[in-house]
Amino acid sequence: MFSLKLTKLKARLYFPRYSLPYWLGNKFRGGFGNVLFRAICSYTSPRCHACASKEECLYYVIYEKERQKLGKSQPPRPIIFVPPFFGRKENGRGELEIEINILGNYYTYLPHVIYGLRFLGKIGLNYESKYEVASIYDAFSRKEVYDGFRVNAEALKPIDLGKIEPVELKEFRVDFKTPLEARSPLEAECLLKMIRRRLMLFVNEYGEGKVPDFSIETETIEESWKKHELLHSSKRGGTRKFYGITGYAKYRVKQADENAMKLLKIGELIGAGSKASFGFGFFKISSPNG
């Protein structure tokens, strides 16, 4: 009933040394925008909304476009960075891996993504945290897209989320890799509603068709949650506080239709809830006993 392309990349970033904050979602979201603008805009005094080339400009689409195709608020971003969530300050050296979700046909901007990541690495996430892009590979094909020198666009394998097969689990565990903007305890039905809401926004903007409703009834077997207060600063919005939870829950399915179990599998790929552009709401599904 709906169609939406998803390209999922994984980038390995090598840090000679790093000193990283509690949360990295805002660093990649804002940092990528800064380097992208500097890389592709040739105007000394840019006015994005008056620019004749704005609809073909990746920076405008991701950071400046104000209205959705269906709706009045700002559209969801077609390129989403999902860095690891530490929940504490981290110091060290070596490789870190980030995920990159690309929606619709925006995988054609692969060179912009690679160039922006490289440029951001030269500037650094902060003074002590510069990096090199060691490699990027496609999460579905498992083939290398970028080896540090060359781009292999043929390795990309977008999938259609509308064709995802539902999971078949009578019991399942959900572990959040990044914070979810929600309150605990978290019922499975609430989680699926947040997945569906995110999917609907993506489909309306970058896909086609309608996302069907679902039916599910579960009971919570076990859960453990931790609350987080996350600070975000920007020139446009100033300093804001976001609140999220991480942790896990185990659920037993009493009844569920195919749409519910399909949404659960899609959620593992696109996450749930709001603030997708900050890397919020990404989780892993497993059997309750591992």
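In this predicted model, Arg 142 makes a handy starting point: it is exposed, because its relative accessible area is 55%, over the 50% cut-off. Arg 142 sits in the loop that runs between strand 5 (132-138) and strand 6 (144-146). Its backbone is a little out of the ordinary too, with phi near 65 degrees, a positive value in a residue other than glycine. For background, most residues other than glycine have a negative phi, and most peptide bonds are trans.

Lys 275 goes the same way as far as the sign of phi is concerned: its phi is near 60 degrees, again positive in a residue other than glycine. Lys 275 belongs to the loop between helix 5 and strand 12. At 24% relative accessibility, Lys 275 counts as partly exposed, since that class covers what falls between the 20% and 50% limits.

That loop, which links helix 5 (258-270) to strand 12 (283-286), also holds Ser 277. Is Ser 277 buried or exposed? Ser 277 is buried, because its relative accessibility is 14%, under the 20% limit. Its side chain makes a polar contact of 3.0 Å with the side chain of Arg 29. Once neighbours within four places in sequence are set aside, the contacts of Ser 277 are Arg 29, Arg 77 and Ile 80.

Another backbone feature turns up in the loop between strand 8 (171-176) and helix 4, where Pro 185 lies. The peptide bond leading from Ser 184 to Pro 185 is cis, and its omega is near 0 degrees.

Helix 4 spans residues 188-206 and includes Met 194. Met 194 has a relative accessible area of 15%, so it counts as buried. Which residues does Met 194 touch, not counting those up to four places away in sequence? They are Leu 180, Glu 181, Ala 182, Leu 186, Ala 272 and Gly 273. The C-alpha atom of Met 194 is 9.2 Å from that of Gly 281, with these positions 87 residues apart along the chain.

Val 113, in helix 3 (residues 110-123), is another buried case. Its relative accessibility is 0%, which is why it counts as buried. Leaving out neighbours within four places in sequence, Val 113 is in contact with Phe 32, Ile 79, Ile 100 and Ile 102. As for Ile 79, its C-alpha atom is separated from that of Val 113 by 8.6 Å, and the two residues are 34 apart along the chain.

Helix 1 (residues 25-40) contributes Asn 26, which is buried because its relative accessible area is 17%. Asn 26 touches Gly 31, Leu 231, His 232 and Phe 278, with residues up to four places away in sequence not counted.

Stepping back to the whole protein, there are five helices and 12 strands. The C-alpha atoms fill a box of roughly 60 × 45 × 40 Å along the principal axes. The radius of gyration is 19 Å, which agrees with the value near 19 Å for a compact globule of 290 residues. Of those 290 residues, 49% are buried. Among contacts between residues at least 6 apart in sequence, 73% join residues at least 24 apart.

The accessible surface comes to about 15,000 Å², and carbon and sulfur atoms account for 47% of it. As for charge, the protein carries 48 positive and 33 negative side chains, and the centres of these two sets lie 6 Å apart.

Definitions and conventions
Residues are numbered from 1 along each chain as its sequence is written. This is a predicted model: local features need pLDDT of at least 70, side-chain atom pairs count only at pLDDT 80 or more; totals for chains, interfaces and linings use all residues. Side-chain values use heavy atoms; hydrogens and water are left out. Helices (H or I, at least four residues) and strands (E, at least two) are DSSP runs, numbered from the N terminus. Buried means under 20% relative accessible area, exposed over 50%, partly exposed in between (1.4 Å probe, protein chains only). A polar contact is a pair of N or O atoms within 3.5 Å; within protein, one must be able to donate a hydrogen and the other to accept it, and residues adjacent in sequence count only if both atoms are side-chain atoms. Contact means heavy atoms within 4.5 Å. The radius of gyration is taken over C-alpha atoms; the globule rule is 2.2 Å times the number of residues to the power 0.38. Accessible areas come from the Shrake-Rupley method with a 1.4 Å probe; for residues, only the protein chains shown count as cover. Lys and Arg count as positive and Asp and Glu as negative; His and the chain ends are not counted. The place of a charge is taken as NZ of Lys, CZ of Arg, CG of Asp or CD of Glu.
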